[in-house]
Amino acid sequence: MEPFRRSALVYDLIYEQRVDYDWHVANLRDLITGRLPDAKSLAEMAVGTGQILSRMRRWFEVVGCDISPNMLAVCRERHPELDVRLGDYSTIDLGQSFDAVICVFSSIGYVRTVDRLHAAFENFARHLNEGGVIIVDGWLRPANAIDGFRSAETVDGNEATLTRSVLARIRDNQTDMLAAHTLITADGIEYFEERHHMGLFDDATYVDALQRAGFSGITVEDGFDGRGRFVGVLKSG
Ligand SMILES: C[S@@+](CC[C@H](N)C(=O)[O-])C[C@H]1O[C@@H](n2cnc3c(N)ncnc32)[C@H](O)[C@@H]1O
């Protein structure tokens with residue numbers, strides 16, 4: 001089943017308990033303005049349910065895109081003020097360029113292969129003004145990915161309780177992650193599974209792909225879950 005087809009509805013239930021969004025948006029803003037103090041516009045590639053973009057709108061004019069119609073439907077319902085578009089971040093044309101482009105919380109892993117990593121970064125570069133800032137959160141590094149990794153967590157929301165169990169296998173430099181969900185609401189108990197295939201790249205591969213796409217001054221900051229937050233600027237010429 002397509003990732004996020006069913007879990008879009010419960011994504012915020014999990015992440016709101018796991019993630020300090022206010023810390024992340026302050027960190028992203030500081031990383032952007034530290035390199036481009038007058039930055040005014042921002043695009044988020046893989047906007048999901050809009051948790052980050054809706055908060056970044058305090059400081060920037062924002063646009064977002066996502067490949068999942070279901071994630072966008074949740075995003076539009078919760079944040080009707082946001083301009084979000086359906087499309088693949090490797091190919092979409094948002095029709096303008098920005099002072100910053102971000103792709104966070106490991107959404108880049110869905111490229112799966114190095115060739116597609118290059119294509120995505122080239123498209124991010126196409127959407128940046130000269131001197132614009134790129135920020136990308138990596139997915140797991142090959143050395144840290146565990147074949148047979150298992151986890152389970154239960155989260156309680158106002159209207160639902162969700163248990164999410166994960167089994168991850170490593171194949172062809174990718175994680176093949178099966179996520180099983182049991183969702184309990186007043187209407188009953190629902191079970192569904194999803195698969196997430198994500199590419200495992202080391203730091204050097206991310207940095208090389210960013211440089212090939214025209215980025216310089218690349219640093220690796222603390223990001224989401226210790227997966228590295230890559231920051232660079234689009235160099236002139
Ligand atoms: C872990 S979520 C992160 C969402 C959001 N950035 C956040 O911080 O909450 C990953 C998102 O990446 C999106 N995604 C995966 N591949 C994509 C692609 N090729 N183009 C655009 N979005 C993609 C998924 O649909 C999903 O919404």
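Here are a few worked exercises on this predicted model.

**Exercise 1. Check the length of helix H2 against the distance between its end C-alpha atoms.**

Step one: H2 runs over residues 21–35, which makes 15 residues. Step two: at 1.5 Å a residue, the helix should span 21 Å. Step three: look at the ends, where the C-alpha atoms sit 21 Å apart, so expectation and model agree.

**Exercise 2. Work out which residues of H2 are buried, and what they pack against.**

Start with the list: His 24, Val 25, Leu 28, Ile 32 and Arg 35 are the buried ones. Now look around the axis: these residues cover an arc of only 110°, which puts them on the same side of H2. Turn to the face pointing away from that buried side, and you'll find the exposed residues Asp 22, Trp 23, Asp 30 and Gly 34. Last, ask what the buried residues meet: they pack against helix H3 (51–56) and three strands, S4 (98–103), S5 (128–137) and S11 (229–234).

**Exercise 3. Step off the end of H2 and classify Leu 36: buried, exposed or partly exposed?**

First, place the residue: Leu 36 is in the loop that links H2 to strand S1 (41–45). Next, count: there are 16 C-beta neighbours inside 10 Å. A buried residue needs 20 or more and an exposed one has 12 or fewer, so Leu 36 comes out as partly exposed. Then check its partners: setting aside neighbours within four places in sequence, Leu 36 is in contact with Asp 99, Gly 131, Gly 132 and Val 133. Take Val 133: it is 97 residues from Leu 36 in sequence, yet their C-alpha atoms are 7.2 Å apart in space.

**Exercise 4. Do the same for Glu 61: where is it, and what is it in contact with?**

Glu 61 belongs to strand S2. It has 14 other C-beta atoms within 10 Å, so it is partly exposed. Leaving out neighbours within four places in sequence, its contacts are Lys 40 and Ser 41. For a distance check, try Phe 98: 37 residues separate it from Glu 61 in sequence, and the C-alpha atoms are 9.1 Å apart.

**Exercise 5. Find the buried residues of helix H6 and say what covers them.**

In H6 (residues 203–212), pick out Tyr 206, Ala 209 and Leu 210 as the buried residues. Viewed down the axis of H6, they fall within an arc of 100°, so they line one face of the helix. The cover over them includes helix H5 (114–126), S5, strand S10 (215–221) and S11. Just past the helix, note Gly 214, whose phi is positive at about 105°.

**Exercise 6. Describe what surrounds the ligand.**

Count the shell: 19 residues surround the ligand, and the closest are Ala 46, Gly 48, Ser 68, Ser 107 and Tyr 110. As for elements, H3 and strand S2 (61–66) are the ones that give two or more residues to this shell. Sort the shell by class and you get eleven nonpolar, six polar and two charged residues.

**Exercise 7. Describe how the two domains meet.**

Begin with the bounds from the domain assignment: domain 1 covers 8–141 + 200–234, and domain 2 covers 142–198. Their centres, taken over C-alpha atoms, are 23 Å apart. At the interface, twelve residues of domain 1 are in contact with 16 residues of domain 2. The domain 1 side of that interface has seven nonpolar, two polar and three charged residues.

Key
Residues are numbered from 1 along each chain as its sequence is written. This is a predicted model: local features need pLDDT of at least 70, side-chain atom pairs count only at pLDDT 80 or more; totals for chains, interfaces and linings use all residues. Helices (H or I, at least four residues) and strands (E, at least two) are DSSP runs, numbered from the N terminus. The expected span of a helix is 1.5 Å times one less than its number of residues. The arc is that of the directions from the helix axis to the C-beta atoms. Two residues are in contact if their C-beta atoms, placed from the backbone, lie within 7 Å. A residue is near a molecule or strand if its C-beta atom, placed from the backbone, lies within 6 Å of it. Ala, Val, Leu, Ile, Met, Phe, Trp, Tyr, Cys and Pro count as nonpolar, Asp, Glu, Lys and Arg as charged, and the others, Gly among them, as polar. Domain bounds come from an automatic or database domain assignment.
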